[in-house]
Each structure stands twice: as structure tokens, then as C-alpha cells.
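Here are some notes to read alongside the model, for a colleague meeting it for the first time. They follow one pair of helices and then the end of the chain.

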Amino acid sequence: MHVLKIVLEVIVVILSVLLTMLILMHKGKGGGLSDMFGGGIAMNAGTSGVAEKNLNRMTVIVAVLWVAIIIGLDLMLKYNIG
């Protein structure tokens with residue numbers, strides 16, 4: 001079980017980086033920090049509605065996996081599994 005815990009921790013790190021990149025790829029909605037870091041320039045380029053929907057789906061899926069693995073790791077810690 002110790003190997004499982006290490007594998008899950010590595011997956012959490014990979015998903016964390018992937019989730020960060022997916023969130024940063026979203027189109028800015030105007031104002032706020034997205035414009036401060038160049039979101040205003042990217043907003044003029046525009047993305048299709050399908051691409052934005054797919055990006056939203058991928059972000060939600062990665063976020064749900066990330067949360068599920070963190071809960072699993074917490075339960076493993078709580079019940080001394082691994």
C-alpha cells in the first residue's frame with residue numbers, strides 16, 4: 001500500500017500542474033487580473049465556442065479527479081492504510 005500512496009501523491013502533483021495550466025488557458029472575461037497579465041490581448045484573438053466548452057470540460061474533469069485523489073489520500077492517512 002505504501003507504493004499506492006506514493007503513486008497517488010505523484011498523480012496529485014501532475015494533476016495540480018495540469019489544472020493550473022488549464023485554468024490559465026481560459027479566456028479572460030474582462031477586468032481583474034486576467035487583463036493585467038495580458039488577457040486583454042488574448043481576448044482580441046478569440047477562441048471558438050467549442051474550444052472553450054472543451055477546455056471547460058477538461059478543467060472540470062481534472063479538478064474532480066484532483067479532489068477525489070486528495071480525499072482518497074486523506075482517508076488513507078486517517079485509517080493508516082499505506
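**Notes on the helix pair and the chain end**

1. Let us start with a single residue: V12 counts as buried because its relative accessibility is 12%, where buried means under 20% relative accessible area, exposed over 50% and partly exposed in between (1.4 Å probe, protein chains only). V12 lies in helix α1. Leaving aside neighbours within four places in sequence, V12 is in contact with W66, I69, I70 and L73; contact here means heavy atoms within 4.5 Å. Between V12 and I69 the C-alpha separation is 6.9 Å, although their positions lie 57 residues apart along the chain as a sequence distance.

2. A word on what you are looking at. This is a predicted model, in which local features need pLDDT of at least 70 and side-chain atom pairs count only at pLDDT 80 or more, while totals for chains, interfaces and linings use all residues. Residues are numbered from 1 along each chain as its sequence is written, and side-chain values use heavy atoms, with hydrogens and water left out.

3. Now the overall plan. The chain has 4 helices and 0 strands, and reads α-α-α-α along the sequence. Helices (H or I, at least four residues) and strands (E, at least two) are DSSP runs, numbered from the N terminus. Of the 82 residues in the chain, 17% are buried. Among contacts between residues at least 6 apart in sequence, 86% join residues at least 24 apart.

4. How do α1 and α4 lie relative to each other? The axes of α1 (residues 2-25) and α4 (residues 49-78) come within 9 Å and cross at roughly 150 degrees. Axes are lines fitted to C-alpha atoms, for helices over the stretch in contact, and angles run from 0 to 180 degrees between N-to-C directions. The two helices, α1 and α4, are therefore roughly antiparallel; angles over 145 degrees count as such, under 35 as roughly parallel, 65 to 115 as roughly perpendicular and the rest as oblique. The crossing of α1 and α4 is left-handed, that is, the near helix is turned anticlockwise from the far one by less than a right angle.

5. What kinds of residue form the contact of α1 with α4? They divide into 20 nonpolar, 2 polar and 2 charged. Ala, Val, Leu, Ile, Met, Phe, Trp, Tyr, Cys and Pro count as nonpolar, Asp, Glu, Lys and Arg as charged, and the others, Gly among them, as polar. In α1 the buried residues include L8, V12, L15, L19 and L22, and what covers the buried residues of α1 includes α4. From the other side, the buried residues of α4 are E52, L55, T59, V62, I69, L73 and M76, and they pack against α1.

6. The lengths are worth a glance. Helix α1 has 24 residues and reaches 35 Å from its first C-alpha to its last, close to the 34 Å expected at 1.5 Å a residue. The expected span is 1.5 Å times one less than the number of residues. For the 30 residues of α4 the expected span is 44 Å, and the end C-alpha atoms are 43 Å apart, which agrees.

7. Finally, look just past α4, where N80 takes a positive phi of about 55 degrees. Most residues other than glycine have a negative phi. N80 counts as exposed, at 68% relative accessibility. I81 is also in the segment after α4 and is partly exposed, with a relative accessible area of 37%. Leaving aside neighbours within four places in sequence, I81 is in contact with M1 and M76.
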